[in-house]
Amino acid sequence: MIKALAGISPQIKQYLIITGNYWAFTLTDGALRMLVVLYFHQLGYSPFNIAMLFLFYEVFGVITNLIGGWLGARLGLNKTMNIGLGMQIVALMMLTVPADMLTVVYVMIAQALSGIAKDLNKMSAKSAIKLLVPKDNDSGSNNKLYQWVAVLTGSKNALKGVGFFLGGVLLTTLGFQGAIQIMAAMLFVVWMWSLISLKAELGKAKNKPKFTEIFSKSRSINLLSAARLFLFGARDVWFVVALPVFLATSFNWDHWWVGGFMASWVIGYGIVQSIAPRFTGKSPSPSSAALWAGYLAIIPVLIAIALHYQFYVQFSIIVGLLIFGGLFAINSSLHSYLIVSLASSDGVSMDVGFYYMANAMGRLIGTVLSGWVFQLYGLEMCLWISALFISLSAIIALKLKDSPTS
C-alpha cells in the first residue's frame, strides 16, 4: 500500500488516508451498535434499557461537534482524527470486561466515549476535504469537491450497513468479547498507520480561534445548520425506534429480518449518496436543498395516508422506505457538499463542527420523539411529524438563495 501511494499527488494521498481512516472507524461503529443491541438483548435487557445505552452517544455528539471544530482549528485535523481513533479503541476495550461488570451506567459511559470518537473522526474527515480539493474558483473545482464529498459520505454509510452485518457475524462466531477484541486490534493498526501518515498541519487555522467563536457568525452556515437539524430529525423520528418496533410487532419479523432489512437499507442509502451529483447536477446552488427537501416531504405523507386507510400496509411501508431512503440520501449528500463549499478555508472545522452539531441535535430530537410519539400515537403520527420537519427544512433552505456565503 505504501508503494502504491508513493506515485500519486500529496492531496490524493491525504484524501485516501483520511477516507481509509473513516472507513475503518465506520465499520467498527456500525458493528459495535449491532453487537450492543443483540448482546444486551440476549442478556435480558429491556428495549428501554438498550435505548438508554445509546443516549449519551447522541448527547455527546452534539457537544463534540461544537467543541471539536474549535479543537480542529487549533490543533489540526490530523490530531483530532487520531484522537478520535484512539478514543474508539479505548471505548472498545472498556467493553471487554466480564459480563457482570457491563451495567447500564458503565456501558453508557463507554458509548459516550465512542460517540465523542465518532464525531471527532467525522468532523475531521469532512473538514479535510475542503483543504485537499484544488482551490480554483471555476466550476470544475466545485464539481470535484462535490464528487469527493459524495464518495466519502456515501461510502461511509454503505460501510455502516456492512458494519451491522459484521457485528452479527462476529457475535455469532466469536462471542461479544472476542468480537470487540478483534475490532480493537484492527483499529489499532489503522491508528498507527494514521499517526505516521497524516500531514501534521492539516486544517490548523492561521489565527488561533477563541473558544467563544465556536458559534458560527455566517448567516449561510446558520441557515444550512437549521435546515440540517430538521432534515435529520425527520429521518430519525420514525426510523430509529418506531420503524424497527413496527416491523417486529406488525409484520412479525424476527430481529435478524429487521436488522438485515435495515442494514440493506443503509447500504443502499450510502450507494445513492455516493452518486448524488448525477441527480442534482455537479455544481448545485444552495437553493437546490429546498427543492430536494420538497420532493422528500411527499413520501412520509403518502406512507401515512396508506397506513391510515390500511392500503397494502407492508408493501406501502417497504416501497415507501426505499424511495424515502433514495431521496434522503440525495438530500444528505447535497447538504454535505454545501457545508464544505460554504465553509471558510481558514479554520474550516469551526464551520463544519457547528453544522454537524446541528446534525447531532436533529438526531437526538428525532430519537427521543421516535420512541415517545410511537408509544403514544403510533407510526402514522411519526410520519406526519417527519413530513412537518422536512417541510421546515425546505422553508429554511429557501432563504439560502439570498444569503451571502460568509
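Helices H12, H14 (348-377) and H15 each contribute at least two residues to a nonpolar patch in this predicted model. The patch lies on the surface and covers about 1,400 Å². Its members are Ile298, Leu302, Ile305, Tyr309, Phe311, Tyr312, Phe315, Trp372, Leu376, Tyr377, Met381 and Trp384. One of these residues, Phe311, sits in the loop that links H12 to helix H13 (313-342).

Two of the helices that supply the patch, H12 and H15, also merit a look as a pair. The axis of H12 (residues 288-308) comes within 8 Å of the axis of H15 (residues 379-398), and the two cross at roughly 165 degrees. Since angles over 145 degrees count as roughly antiparallel, H12 and H15 are therefore roughly antiparallel to each other. The crossing of H12 past H15 is left-handed. As for the make-up of this contact, its residues comprise 19 nonpolar, four polar and one charged.

Helix H13, which follows the loop holding Phe311, takes part in a second pairing, this time with helix H8 (residues 219-239). Here the axes come within 11 Å and cross at roughly 160 degrees, which makes H8 roughly antiparallel to H13. The handedness can be stated for this pair too: H8 passes H13 in a left-handed crossing.

Methods
Residues numbered from 1 in each chain as written. Predicted model: local features only at pLDDT ≥ 70, side-chain atom pairs only at ≥ 80, totals over all residues. Heavy atoms only, no water. Axes fitted to C-alpha atoms, helices over the stretch in contact; angles between N-to-C directions. Helix = DSSP H or I, 4+ residues; strand = E, 2+ residues; numbered from the N terminus. Parallel < 35°, antiparallel > 145°, perpendicular 65-115°, else oblique. Left-handed = near helix turned anticlockwise from the far one by under 90°. Nonpolar A, V, L, I, M, F, W, Y, C, P; charged D, E, K, R; others polar. Patch = residues over 30% accessible without salt bridge, like charges linked within 9 Å, V, L, I, M, F, W, Y side chains within 5 Å. Areas by Shrake-Rupley, 256 points an atom, 1.4 Å probe, with all protein chains shown as cover. Salt bridge = Lys/Arg side-chain N within 4 Å of Asp/Glu carboxyl O.
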